[in-house]
Amino acid sequence: MTRAGVVLACLLLAGCGAQAETHHNPGTGHEVSTSVPAPVAGEARAEITIAAGKVEPPPGWLELTKGQPVSLIVTSDVADELHVHGFDIPATLVPGQPVTVRFKADRTGVFEVETHDSKLVLLQLRVR
Amino acid sequence: MNVLAHGVGSRSDLPIPEFYAYAGAFAALVVSFLALGLLWADSRFRGAEAGVPIRVSPPARPLRVVSLLLLVYTLGWLVAGPARTEANAGPYLVYVVFWVGLVPASLLFGPVWRLLNPFRLLPDRARRPLPARLGHWPAAAGLLAFTWVELVSPEPAAPATLLAFLALHGAVQLTGTLVYGHAWLERGDPFEVYSTLVGHLSPVGRRSDGALVLRSPFNGLDAIVPAPGLVATVCVLLGSTGYDGFSSAPFWVDALQSGPLGRTVLGTAGLLAAIVAVAVLYAACIGAAGLIGGARGMSPRFAHSLVPIAVGYLVAHYFSLLVIEGQRAFLLVFGLDGEVDLEIVGPGVIATVQVLAVIGGHVVGVVAAHDRSVRLLPPARAVAGQIPLFVLMVCYTLGGLTLLFAA
């Protein structure tokens, strides 16, 4: 997607990024947006592409320290539902559009990031 | 679906710290070699002959009726509960409260599922005697089926999956009990055999004269009767937990979801391979011990010493699931609107429990194998004959620690 497209998408979503939503897990503030935000100092980042049922880069571990901010930027070629387990963050994946999920890894353990329909594991977060 | 979780759950454990892994491995090696040189030269354990009688007679029938009602309640959740796993108590009742909870309950109180098994409410009228060669094989097959559902099946936590398993399990137990009476349940019901094996490590047991006694877990272990299929049952327990340990490794996740075989086929192959690997190692080491010690038919007689190793690994594996996902079962059953505290136990506590459980199991296993060797092998060869057994246990324990450390 071109830069102009990103800007347009952001404008259409009225208020670039910051589509905060409350959910059934108080205390884990997060945001889901259809844009690629600028990196924040100390933030962990993973960019994942799903094409024809394959995950690129192949599913690995993302090592985090407790409290570290995380950005997961996921682009899928089909419509799907993204789910960050443990933090219980859902996000809707629109075909071809990068979706960014930002949150703070504020609990320890290993958590899986997966898609609901294609049932793919994209990544495992290891928060120490 | 959750590749990470044991059927249910939203998290899994961090790898244990390097120091814990090395300290554990070192302890396992030292204990094994000290045991060779320093432990007694004549067998001390008296198995089912030992124990101090206690005057307790638990009301078996009412307890079984209660457990039947709980089964019906669980089935109710599975049939009529919400489709979302996180909102349905059924899968949590099966995987966490029943399957995982059976381990601590049996460790504390002995063979509890024998006491609670609702199939024991059926009349004990055998139409024919249970063939001796059947032994624990049906239980080994049943445990394999359950662990396959838990670890490999496409939707382990879906109510339909669990209902299909429970229907099949119920049909098999019903048929077995109607044909062979309660002898079938004792040897063939996977959960009763599982609970009874784990329960041999508890301070409560039954003496050979039928009295309920307090006894040392070593005598409890020694009282395990070698039966056909016992080795297979223990190998299924060890192998399936081992598979659970490495199935979340990135290379395996990638192979499962992107490989040409498809996840169910590859997952099934992986689970079977893990069990076969455990069994082959056992056969090779017991064979070597038999050759060195000059004894035959040793295989079933040392299976009891693997029980504590399997239990140690089960505890290491399921401890956090029980204390964390157990909360969700509680919240869902009582309809409470609370939150599961994912950090009710920290990573330090979890790692400590894991390493202590694995090493504790190893130590008990080594002592049990030593006592059995000095009983079965001629004195001049008893020490040398034990070496392959200790190699076997060290392999299992180091393998378990490696999985906790690396995957």
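Reader: How many helices and strands are there in chain B?

Author: Chain B has 16 helices and 3 strands. Keep in mind that this is a predicted model.

Reader: What is the make-up of chain A, in helices and strands?

Author: Chain A holds 1 helix and 10 strands. Along the sequence the pattern runs α-β-β-β-β-β-β-β-β-β-β.

Reader: What makes the radius of gyration of chain B agree with a compact globule?

Author: Set the value against the rule. A compact globule of 407 residues would have a radius of gyration near 22 Å. Chain B has 21 Å, so the two agree. Along the principal axes, its C-alpha atoms fill a box of roughly 65 × 55 × 40 Å.

Reader: What share of each chain counts as buried?

Author: In chain B, 49% of the 407 residues are buried. In chain A, 34% of the 128 residues are.

Reader: What share of the contacts in chain B join residues at least 24 apart?

Author: The share is 82%, among contacts between residues at least 6 apart in sequence. For chain A, residues 24 or more positions apart account for 61% of the contacts with a separation of 6 or more.

Reader: Why is Leu116(B) called buried?

Author: Count its neighbours. Leu116(B) has 23 other C-beta atoms within 10 Å. The cut-off for buried is 20 or more. Therefore Leu116(B) is buried.

Reader: Where does Leu116(B) lie, and which residues does it touch?

Author: Leu116(B) lies in helix H5, residues 112–116 of chain B. Leaving aside residues up to four places away in sequence, Leu116(B) touches Leu63(B), Arg64(B) and Ser67(B). Leu116(B) and Ala60(B) are 56 residues apart in sequence, yet 7.1 Å apart in space, C-alpha to C-alpha.

Reader: Why is helix H3 of chain B called largely enclosed?

Author: Of the 12 residues in H3(B), residues 89–100, 11 are buried, so the helix is largely enclosed by the rest of the structure. Among them are Tyr92(B), Tyr95(B) and Trp99(B).

Reader: What covers the buried residues of H3(B)?

Author: The cover includes helices H2 (60–80), H4 (102–109), H6 (137–151), H7 (159–180) and H14 (307–333) of chain B.

Reader: Which residues of H4(B) are buried, and what do they pack against?

Author: Leu102(B), Val103(B), Ala105(B), Ser106(B) and Leu107(B) are buried. They pack against H3, H5, helix H9 (190–199) and H14 of chain B. Just after H4(B), Gly110(B) takes a positive phi of about 85 degrees.

Reader: How many residues of chain B are in contact with chain A?

Author: 19 residues of chain B are in contact with 19 residues of chain A. On the chain B side, helix H12 (residues 250–258) gives the largest share, 5 residues. By class, that side has 8 nonpolar, 7 polar and 4 charged residues.

Reader: How do you know that the buried residues of H12(B) line one face?

Author: The buried residues are Val253(B), Leu256(B) and Gln257(B). Seen down the axis of H12(B), they fall within an arc of 85 degrees, so they line one face of the helix. They pack against strand S10 (121–127) of chain A, together with helix H13 (263–293) of chain B.

Reader: Why are H12(B) and H13(B) called oblique to each other?

Author: Their axes come within 7 Å and cross at roughly 140 degrees. Roughly antiparallel needs an angle over 145, and roughly perpendicular covers 65 to 115. The crossing angle fits neither, so H12(B) and H13(B) are oblique.

Reader: Which residues meet where H12(B) and H13(B) touch?

Author: Ala255(B), Leu256(B) and Gln257(B) in H12(B) meet Arg263(B), Leu266(B) and Gly267(B) in H13(B). By class, this contact has 3 nonpolar, 2 polar and 1 charged residues.

Reader: Why is Ala52(A) called exposed, but Lys119(A) partly exposed?

Author: Ala52(A) has 7 other C-beta atoms within 10 Å. Exposed means 12 or fewer, so Ala52(A) is exposed. Lys119(A) has 16. That count lies between the exposed cut-off and the buried one of 20, so Lys119(A) is partly exposed.

Reader: What is phi in Ala52(A) and in Lys119(A)?

Author: Phi is near 50 degrees in Ala52(A) and near 55 degrees in Lys119(A). Most residues other than glycine have a negative phi. Ala52(A) is in the loop between strands S2 (44–51) and S3 of chain A. Lys119(A) is in the loop between strand S9 (109–115) and S10 of chain A.

Reader: Which residues does a cis peptide bond join in chain A?

Author: The cis bond joins Glu56(A) and Pro57(A), with omega about -10 degrees. Pro57(A) lies in the loop between strands S3 (54–56) and S4 (60–64) of chain A.

Terms used. Residues numbered from 1 in each chain as written. Chains lettered and ligands numbered in written order. Predicted model: local features only at pLDDT ≥ 70, side-chain atom pairs only at ≥ 80, totals over all residues. Contact = placed C-beta atoms within 7 Å. Helix = DSSP H or I, 4+ residues; strand = E, 2+ residues; numbered from the N terminus. Nonpolar A, V, L, I, M, F, W, Y, C, P; charged D, E, K, R; others polar. Arc of directions from axis to C-beta. Rg over C-alpha atoms; globule rule 2.2 N^0.38 Å. Axes fitted to C-alpha atoms, helices over the stretch in contact; angles between N-to-C directions. Parallel < 35°, antiparallel > 145°, perpendicular 65-115°, else oblique.
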